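Good morning, and thank you for making time for this presentation. I would ask you to keep the sequence and the structure in view while I speak.

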Amino acid sequence: MTSQDRSPRLDQRSWGYDPAQVDDFLDRVAAVLHATDARSPTAGHDAAASAPGAGATAVPGCEETGAAAGASSVEGAGTSGAVGESTPATAGSSARVGSRQVRERVFDRGREGYDPAAVDAHLDDLEDELFDREREAFVAEHGVQRWNEHVELLGQLLVGRLNRPRTERFRRPAKHRTAGYSAADVDVLCDRLMEQLRSAPDIDPRLLRGAVFRAAQGQRCYEEQQVDAFLDRAVEFVLAVRGHQTRR
């Protein structure tokens, strides 16, 4: 690792994340964090405007406006505007950077690139920090009750999806030969998540962030976009609940 590298590099035989793309994205995230640090703690409206998709009623991590709109996209996941269909920001893009953009970011691969495990771990920490700031900005502008209502509704929608029968939790691809995520693998993760929601006071977001599913086709798979949208909202819920428990 050279003095200018932001993360450990892999050797010539291994493929890692493109260093230029990673460095550019980390610079953009750092600029957002610096900008929020420079704001007055009492400037709730200005702080909320920095959240992704911010508007008069923006919810952290959601493009939709309104607490209910952000949560309701779970049930309609995979439709227009759902998280799973959004396009990750590309290197050099002028798009706003928030917790959701960090969660969705993907990088090209190349030999001697940055170690993906190290970069992913750093991005998880940045996502946590950005989400906390977005939540604080939202609460400063709209109040704790409005935030709690959003989290409660989001949790209800997630549990509603998890309570569906195994093999029926998500849609199948419209075309029989279209590849998707193994329904069996996704159902195993959903069962583990439901078990933790019932028994654990705090859920580790790594359960969702590190999820990997085998490819399958036809009736043996779920539509990728809908599953991805669900996982995105599940991470949002876990971070929201964890932040609430930390403040108690």
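**Cores, helix H5 and charged pairs**

In this predicted model, the largest nonpolar core comprises 29 residues. Val186, Leu193, Leu208, Val227 and Phe230 have the most contacts inside this core. At least two of its residues come from each of H5, H6, helix H7 (183-199), H8 and H9. The greatest contribution is that of H9, which gives nine residues. Apart from this core lies another, of 14 residues, which includes Val22, Phe107, Tyr114 and Val119. As general background, nonpolar side chains in soluble globular proteins tend to be buried together.

Let me turn to helix H5. Its 27 residues, at 1.5 Å a residue, should span 39 Å, and the end C-alpha atoms lie 38 Å apart, so expectation and model agree. At the N-terminal end, H5 is capped by Asp115, with a side-chain oxygen 3.1 Å from the backbone nitrogen of Ala117. Just after the helix, Gly143 adopts a positive phi of about 95°.

Which residues of H5 are buried? They are Pro116, Val119, Leu123, Leu126, Glu127, Asp128, Leu130, Phe131, Glu134, Arg135, Ala137 and Phe138. It may help to recall that an α-helix has 3.6 residues a turn, so residues three or four places apart point the same way. The buried set of H5 includes charged residues, among them Glu127, Asp128, Glu134 and Arg135.

That brings me to the salt bridges. How many does the structure hold? There are 21 salt bridges. In one of them, the side chains of Glu127 and Arg103 meet, with an N to O distance of 2.4 Å. Because Glu127 belongs to helix H5 (residues 116-142) and Arg103 to helix H4 (residues 99-104), this pair ties together parts that are 24 residues apart in sequence. Glu127 and Arg103 are both buried.

A second salt bridge involving H5 is that between Arg209 and Asp124, whose closest N and O atoms are 3.7 Å apart. Here the pair links distant parts of the chain, 85 residues apart: Arg209 is in helix H8 (residues 206-209) and Asp124 in helix H5. Arg209 is partly exposed, since its relative accessible area is 23%.

These pairs belong to a network of salt bridges that links Arg103, Asp124, Glu127, Asp128, Arg209, Asp232, Arg233, Glu236 and Arg242.

A further salt bridge joins the side chains of Arg171 and Glu223, at 2.9 Å from N to O. Arg171 sits in the loop between helix H6 (144-162) and S3, while Glu223 sits in the loop between strand S5 (221-222) and helix H9 (224-247); the two are 52 residues apart. Is each partner buried or partly exposed? Arg171 is partly exposed, at 35% relative accessible area, whereas Glu223 counts as buried, at 18%.

I close with Tyr181, which is found in strand S3 (residues 179-182). With a relative accessibility of 17%, Tyr181 counts as buried, because the limit for that class is under 20%. Beyond its neighbours within four places in sequence, Tyr181 is in contact with Val186, Phe213, Arg214, Arg220, Cys221, Tyr222, Glu224, Val227 and Asp228. The C-alpha atoms of Tyr181 and Arg220 are 8.3 Å apart, although 39 residues separate the two along the chain. With Asp228, the Tyr181 side chain makes a side-chain polar contact of 3.0 Å. Of the partners of Tyr181, Val186 and Val227 are also among the residues with the most contacts inside the largest nonpolar core.

Note on methods:
Residues are numbered from 1 along each chain as its sequence is written. This is a predicted model: local features need pLDDT of at least 70, side-chain atom pairs count only at pLDDT 80 or more; totals for chains, interfaces and linings use all residues. Side-chain values use heavy atoms; hydrogens and water are left out. Helices (H or I, at least four residues) and strands (E, at least two) are DSSP runs, numbered from the N terminus. Buried means under 20% relative accessible area, exposed over 50%, partly exposed in between (1.4 Å probe, protein chains only). Contact means heavy atoms within 4.5 Å. A polar contact is a pair of N or O atoms within 3.5 Å; within protein, one must be able to donate a hydrogen and the other to accept it, and residues adjacent in sequence count only if both atoms are side-chain atoms. A salt bridge is a side-chain nitrogen of Lys or Arg within 4 Å of a carboxyl oxygen of Asp or Glu. The expected span of a helix is 1.5 Å times one less than its number of residues. A nonpolar core is a set of buried Ala, Val, Leu, Ile, Met, Phe, Trp, Tyr and Cys residues joined through side-chain atoms within 4.5 Å.
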